[in-house]
Amino acid sequence: MTLSVEQCTDRELWDQTVADSQGHPLQLWGWGQTKANHGWKVDRVVVKDGAEVVGLAQILLRTLPFPFKSLAYIPRGPQAQPERITEVLDAVSGYVKGAHGSVVLSVEPDWEEGDAGSPVQALEAAGFVHSENQILIPRTLILDLALTPDELQAAMHKKHRQNIRKATRDDLDYRVIERSEMPEVMAIYRATAERAGFGLHEDAYYEEVHDNYGNASEIHGAYFEGRLVAFLWHVASATTSFEIYSGATVEGQKLNVNYALKWFSIQRMQERGVLRYDLDGLLNDGISEFKKMFAKHENMLVGSWDKPLSPLYPLYTKVLPLAKKALRKIRGLLKR
């Protein structure tokens, strides 16, 4: 039977479908709503076999200069039943081509290279080609929150366990940050960005992220003598928690609160019933070395894949400088 593709315009129904399909938090309504408020179009589709949902995709669309029309991008999606990945990819890419005429559909699924259903082979079978234009980092660390706290700590580096204990003391407190504390969060984030040399949106953008996600957004804070000295921001679906932003004051860094703050976040996500805790990418830097010490393994997702939807695709990727410049700008907008 040919799969059908249906638009979904109901927030509650969409987020419930993402939950039922064990989808990623970047596929929740709130992320798409934020992007829709900042230059993107959003199309949310459910792929069905009769009445059965076999896949879904929150598609972000960005207008490109003539003659390319638009880029279609699915962050940490689509979601698909393992044995039907190729069918879902075919259905979604056919829909995007017909409904939007995009030059390319770029996907970065939440699938590991060795997952059941051979996702790499399924992508290739659906006509996708591996792309070096990655937005989300495929090399990451995903903790299994079905493990007990003792099992999770046993997998950590000994130094991390020691620093967690040291940063758990009377003058330090860890809790969920209230919405009214957002100005303090943003002050720390701006100071962190200035020290590290990366750019940020206006404060209102991050407030939108928090508000658009609703209960799916949770910010955890470390407090020293009542002062916020570090934060760790998560968005979470029913099954997966994803770290999106973090920051610390100089005082917080000296106190090494990030160890216990991370552990607090892990425990909070377990309390929510989340099954996977994604630390959002590993690079060859100090932050990644810190992350890696929370487990004895790494995870490699399938990465970035493109489905050419137009004869202009080679021009888009290799020839036209304007398209390349636009792509770099788009990647920057999506990262933060």
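Which residues of α8 are buried? Let's start there, and keep in mind that what we have on screen is a predicted model. The buried ones are Y205, Y206, V209, H210, N212 and Y213. If you're wondering about the spacing, here's the textbook bit: an α-helix has 3.6 residues a turn, so residues three or four places apart point the same way.

So what do those buried residues pack against? Quite a list: the helices α1 (11-20), α2 (29-36) and α7, plus the strands β11 (217-224), β12 (227-236) and β13 (240-248). And just after α8 ends you come to G214, with a positive phi near 65 degrees.

Okay, let's take the helix partners. When people talk about two packed helices, they describe them by the angle between their axes and the distance between the axes. Two pairs to look at today.

Pair number one is α7, residues 182-196, with α8, residues 203-213. Their axes come within 11 Å, and they cross at roughly 125 degrees. That angle is why we call α7 oblique to α8. As for handedness, α7 and α8 make a right-handed crossing. Who's doing the touching? From α7 we have M182, M186, Y189 and R190, and from α8 we have D203, Y206, E207 and H210. Sort the residues of that α7 and α8 contact by class and you get four nonpolar, one polar and three charged.

Pair number two is α2 with α8. Here the axes come within 8 Å and the crossing angle is roughly 145 degrees. The crossing of α2 past α8 is right-handed. On the α2 side the contact uses G30, W31, Q33, T34 and K35, and on the α8 side Y205, E208, V209, N212 and Y213. By class, this α2 and α8 contact comes out as four nonpolar, four polar and two charged residues.

Now zoom in on one residue we've already met, H210 in helix α8. Is H210 buried or exposed? Its relative accessible area is 11%, so H210 counts as buried. Leaving out residues up to four places away in sequence, H210 touches R179, M182, S217, I219 and W233. You've heard M182 already: M182 is one of the α7 residues in the contact with α8.

Let's hop over to α1, where you'll find Q16. This one is partly exposed, because its relative accessibility is 44%. The side chain of Q16 makes a polar contact of 2.8 Å with the side chain of D20. And here's a nice one about the fold: how many residues apart along the chain are Q16 and S237? They're 221 residues apart, yet their C-alpha atoms are separated by 9.7 Å.

For a contrast, go to strand β3 and find Q58. Q58 has a relative accessible area of 0%, so this glutamine is buried. What does its side chain do in there? A polar atom of it lies 3.1 Å from the backbone oxygen of L26. The Q58 side chain also reaches the backbone oxygen of L28, again at 3.1 Å.

Last topic: backbone oddities. The background is that most residues other than glycine have a negative phi, and most peptide bonds are trans. With that in mind, have a look at these.

First, the cis peptide bonds. Going from F66 to P67, the bond is cis, with omega near 10 degrees. P67 sits in the loop between β3 (52-63) and β4 (70-75). Then there's G77 to P78, also joined by a cis peptide bond, with omega about 5 degrees. P78 belongs to the loop between β4 and β5 (79-80).

Next, positive phi. Which loop holds K69? It's the one between β3 and β4. K69 isn't a glycine, but its phi is positive, about 70 degrees. K69 is exposed, because its relative accessible area is 52%. N256 does something similar: not a glycine, and a positive phi of about 55 degrees. You'll find N256 in the loop between α9 (250-254) and α10 (257-271). At 35% relative accessibility, N256 is partly exposed.

So, if you want somewhere to start clicking, try H210, buried in α8, and trace its contacts with R179, M182, S217, I219 and W233. That's me done, thanks!

Terms used: Residues are numbered from 1 along each chain as its sequence is written. This is a predicted model: local features need pLDDT of at least 70, side-chain atom pairs count only at pLDDT 80 or more; totals for chains, interfaces and linings use all residues. Side-chain values use heavy atoms; hydrogens and water are left out. Axes are lines fitted to C-alpha atoms, for helices over the stretch in contact, and angles run from 0 to 180 degrees between N-to-C directions. Helices (H or I, at least four residues) and strands (E, at least two) are DSSP runs, numbered from the N terminus. Angles under 35 degrees count as roughly parallel, over 145 as roughly antiparallel, 65 to 115 as roughly perpendicular and the rest as oblique. A crossing is left-handed if the near helix is turned anticlockwise from the far one by less than a right angle, and right-handed if clockwise. Contact means heavy atoms within 4.5 Å. Ala, Val, Leu, Ile, Met, Phe, Trp, Tyr, Cys and Pro count as nonpolar, Asp, Glu, Lys and Arg as charged, and the others, Gly among them, as polar. Buried means under 20% relative accessible area, exposed over 50%, partly exposed in between (1.4 Å probe, protein chains only). A polar contact is a pair of N or O atoms within 3.5 Å; within protein, one must be able to donate a hydrogen and the other to accept it, and residues adjacent in sequence count only if both atoms are side-chain atoms.
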